[in-house]
Amino acid sequence: MRTQKYIIPEISAQSIIASARQTGDGYSFYFDTTDPSKEYLVERTLQDDCPIFYQTMLALGKKTDSAILSDALSNVFVYIDFSGIFDRKPVGRVLEYQKIAECMFHPDGIRINFGSLNDRYMAFERSASMSRENRLAFVRADVYEPLRERMMLGMNIGDCQLSKLYAYNALLFTSGARYNNTSILSDKKIIVIKNPQSTIENVNVITVEDDGTDNPMRKYSRVEKTTDITITEFDGEGFISPRLAEALGREHNSFQIRMPYIKGVVHKVDFAGLFTELGVPYIVDMWGERHDPADVDIILTDSMFKGRKWMESNNLSWGEYLDRCAKYGHALYVSGKDKLGAQETTELNYQFLNTLSITDEEFRPKELPLGWYDSPEYDSRNWITKTTEVSYYRLVADNGARRKYFLDDLEDVEVSTERRQYRAELIAKNGMFIDEPIFAKELSDRAENILSKYAVGKLLVTGDNRYLSDDLLRLIAFIVKDSLKEKGDDIYRHLEAEFISGNEIYAPLPHYAENEFYTVLRSPHIARNEEALVKPIKVGALREKYFSHLGYVIMVDSRSLIPERLGGADFDGDMVKTIADPLINQCVIRSSTELPLLKIPTAEPLISDANDWYARFVTVRNTFSSRVGQISNAALNRGVLAYDENTTSEDKVHYNQDVETLAILTGLEIDSAKSGIKPDLSEYIENKRARRSIFLRYKTIAESDEAHKWYEPTKNARLKKYFESVDWNSISSNLEKLPYFAYMLEHKTEKVKTSPVSDESLFVFAQSPDWKERLDNTMLDRVASIIRDYETALQRIRYINHIPSEMKRKGDIYRILYARGQENDYSVDELYSLFENMSPQKVRKARHGLEDTRWHLTPPEERQHLLYGLTDVMGLSDYLDVLCDFSHGGYRIVGDIICDLDDMHRSRGIKSNITKQKGDSRELQAMLMGIERADDYKEHIIRNCINVICPPSRRGALDFDEVVKCAVALGKRQFALEVLPATVLDLTLDRSHVYKVAEPQKKKWRFWK
């Protein structure tokens, strides 16, 4: 089912700052989105429905919008992008911008005209992903207080850890499916139990200690010590009854849930049946109330209820808290579920490959061919890249596997569209369709995707992805003991015999052979210390009866410190990879046994008043911008040397310590969204002690876009130069060889040559030699016209979608600033904002003027005067030093900005006229009708096309069978497959008896012969 989306405008803070006017005690802001010169500065983003949008509709007194794409909140919320403001050093001009931006958070807010009123907007909240992207939601002032009251359930929240309040309020921005049955909001149906805690003594750890200051940005130093570690068991997980799980998702067993100040994962377990079998008559919640297990639908642990202390400080009982939820129209939301279907492989990333202790022969034997004629699976040896190479080979060279790729959709209960299901049935009925472009292109795209991932270290290996969980049977035992006290001792001992302990795991329903050992990993992964080697438990009768259906869960004993080893993971939805590949597991045994635990310290929280606007501003400012990617790159540069056998012993020690420290700092960086405290990373990110990895060089090129200026090499040319510039025989790191292995695999593997077969091999109607002659010419002409219009509609939309939404020359400007050492002095966005008031006509004139006056040859003494004359822009005086500096190709800066703005204005003109171009037929207009509001343009055009073929009124309707026949006769099978796959299926020649799916097929023979 498609998720409803809301149109929410987004504006950069740079643009808002450009409209600032200084007042006596600060700045005021007014931004007019109706001004044509500013229209391009407003991006219409599509946001999934979420609890906060539902609450906003209630606050406005509106009915929730049932449209797939709604603009009901397009003048209520506005997202402000603070990139380039608070994520830069506060010096010079940047400091001035930060002071101006601070005033945007004042209760006076900012004024924005969206067409009807000059509304005032106030700084509000943001989701975790918005925080990482430097974005904050502003909400219309008349909605601010009602919405804040609804968000906080009318509770008075004063002094608190503001960063946590923001993090927990952000839960309402999480998209999900709403469960509208409000009867669930009862303290008889949802109960909260305590979280037990355990202390593990004398643990060898590596950790960091801060500088002792109260600063939100702190320096940390590395420390090795032996210490006791206290853990919260079952942190973030609980149970859901089978009857409620049936209502939320019949075939699902694990649900990520959200309610006000409540988050975590609940697993479907028949706890009422289990308690009955154990003779347990009631459950006692954390407030001492007894509950009949048969009445309970959700059991939360205390760690899942983030608002308990605020609830108690407001003198509310748990029942009164749930009553408030119902009063304000809140509900249970499901933001994620376990995946259905078999998982046989999982994807490793370059971070883990870098830490793996592996020989060349284990990674990829040197005598192997660099490309394949027969499938690698026939080679009896095992190596790390084998599964990925087999997957690639099957998609490009094995006809049987290519067919099975589509047939798997027939078994997928979550198949995305009915249309895709029809296509799978087509392949099942007549496998000769496999060479049709619509199928061949998907296979080619999928193979290319695998290859591109291979090159950047994303390798497929045997294993799966699962929710990390504590031992849920032990949670049952804890409930028994906490509820019955001494009376439950015998039951507890009975259950204890089946507990998970040490490095044991319980991962039910695997789709791979059972091994003696497995490896458990979690991203981000930086150091060897973060690898957990585990072994399967011997399953007892109760565990098998009540937990064996949880095929998307891996249970561990939290007291084993496995979650701590995995970067401080908890059980509220953290995903881990279970690696079942025996070769990898042997490598882990070799490298990571008895390594000290990397312990992420808990920062002392900063307490502030939740009602103080300035305190809220400071919290938001300090939590903007995640640097996890930068840390990972800094760690990889050092890790390549730390784990390379050719590195000297002294250097290995230094680099290894750096990697371990960076792994801990990564955890602190992630936790900063809640703690409000960030680590100072200047020593590692700005220090270039380690050489830059050639792997990261490739990754940078491969992940760049295709845009380039005429005088710059294309992306393919840059890649070609990269491969030619590296002496691959001299590279000792297996990780750094991956781009070369992927490059050669593509060029050396012999691929299937696809060629569509004849009509008579596919269709029943084509069995008659004269079938084309019997078609009505008028019908042929009509269908040909419809197909032309359909193809025109698709081409037009594809053109629009390929127009970059970002200014494509920004990267060029950043490279110039970087080369001149000015990347921290100027933001690229702020340079663009200088020219935002230029009209489209002035921009076009300036573009021609730059060419006519040969701006790039202008003498230094004439540049300032010429620039003012060409652009007629006020406020350039503070930027003349950067705009008129031609060093390192600096003459391109003005040209890049003007050309980007001109291209943008032209593309907006094209977009605004897409449905009403001169000469469009009535059918083409009908196919494009409503395309501006479509979330899936191709499906929308297909639906419109079907309505053209067969209007709802049925007047002038064409027979679908005849349309397909005409399309085939016209050589337009793809049109028939895209628009009328069900009809094509009915008219297809049945050759299902020919194929043997399970047998691999040699690429040089068609599998139907």
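Start by selecting D902, which at 2% relative accessibility counts as buried; the model on screen is a predicted one, and this aspartate is a convenient way into it. With D902 still highlighted, add R844, since the side chains of D902 and R844 meet in a salt bridge with an N to O distance of 2.9 Å. Colour the two helices that carry the pair: D902 lies in helix 35 (residues 892-912) and R844 in helix 32 (residues 840-852), so the salt bridge ties together parts that are 58 residues apart in sequence. Unlike a buried residue, R844 counts as partly exposed, at 29% relative accessibility. Then widen the selection to R809, R844, R847, D900, D902 and D903, which are linked in a network of salt bridges.

Two other salt bridges deserve a stop, out of a count that comes to 54. Select D464 and R466, whose side chains meet at 3.1 Å, N to O. Are these residues buried or exposed? D464 counts as buried at 2% relative accessibility, and R466 counts as buried at 0%.

Next, go to helix 38 (residues 960-969) and show K965 and E962, which are three residues apart in this helix and are therefore separated by about one helical turn. In general, an α-helix has 3.6 residues a turn, so residues three or four places apart point the same way. The side chains of K965 and E962 meet in a salt bridge of 3.5 Å, N to O, and E962 counts as partly exposed, at 28% relative accessibility.

From there, move to helix 37 (residues 937-949) and select N944, which lies within it. N944 is buried, with a relative accessible area of 13%. Its contacts, leaving aside neighbours within four places in sequence, are with A926, M927, L928 and M929. Measuring tools in the viewer can be set on the A926 pair, where the backbone oxygen of A926 lies 3.4 Å from a polar atom of the N944 side chain.

Now turn to helix 23 (residues 628-642), where 12 of the 15 residues are buried, so that the helix is largely enclosed by the rest of the structure. Among the buried residues to display are V628, I631, N637, R638 and A642. At 1.5 Å a residue, helix 23 should span 21 Å, and its end C-alpha atoms are 20 Å apart, which agrees.

The tour continues with the sheets. Select the seven strands that form an open sheet with mixed pairing, in the order 11-22-17-18-16-21-12. Strand 11 (177-179) and strand 12 (190-193) stand at the edges with a single partner strand each, so one side of each is left without a neighbour in the sheet. Neighbouring strands of this sheet are turned by 30° against each other on average, direction ignored. Within it, strand 16 (residues 237-240) and strand 18 (residues 262-268) run parallel and are joined by four bridges, and the bridge partner of E237 in strand 18 is V265. Add helix 17 (residues 472-484), which lies across strand 12, strand 16, strand 18 and strand 21 (298-301), and runs at about 80° to strand 16.

Finish with an open sheet of three strands, ordered 15-13-30 and also of mixed pairing. Its edge strands are strand 15 (220-232) and strand 30 (597-598), each of which pairs on one side only. Strand 13 (residues 197-210) runs antiparallel to strand 15, and 12 bridges join them. To inspect this pairing, select V208, which stands opposite R222 in strand 15.

How values were computed
Residues numbered from 1 in each chain as written. Predicted model: local features only at pLDDT ≥ 70, side-chain atom pairs only at ≥ 80, totals over all residues. Heavy atoms only, no water. Expected span 1.5 Å × (residues − 1). Buried < 20%, exposed > 50% of the residue type's maximum accessible area, 1.4 Å probe, protein only. Pairing = 2+ DSSP bridges. Axes fitted to C-alpha atoms, helices over the stretch in contact; angles between N-to-C directions. Contact = heavy atoms within 4.5 Å. Polar contact = N/O pair within 3.5 Å; in protein donor to acceptor, adjacent residues only side chain to side chain. Salt bridge = Lys/Arg side-chain N within 4 Å of Asp/Glu carboxyl O.
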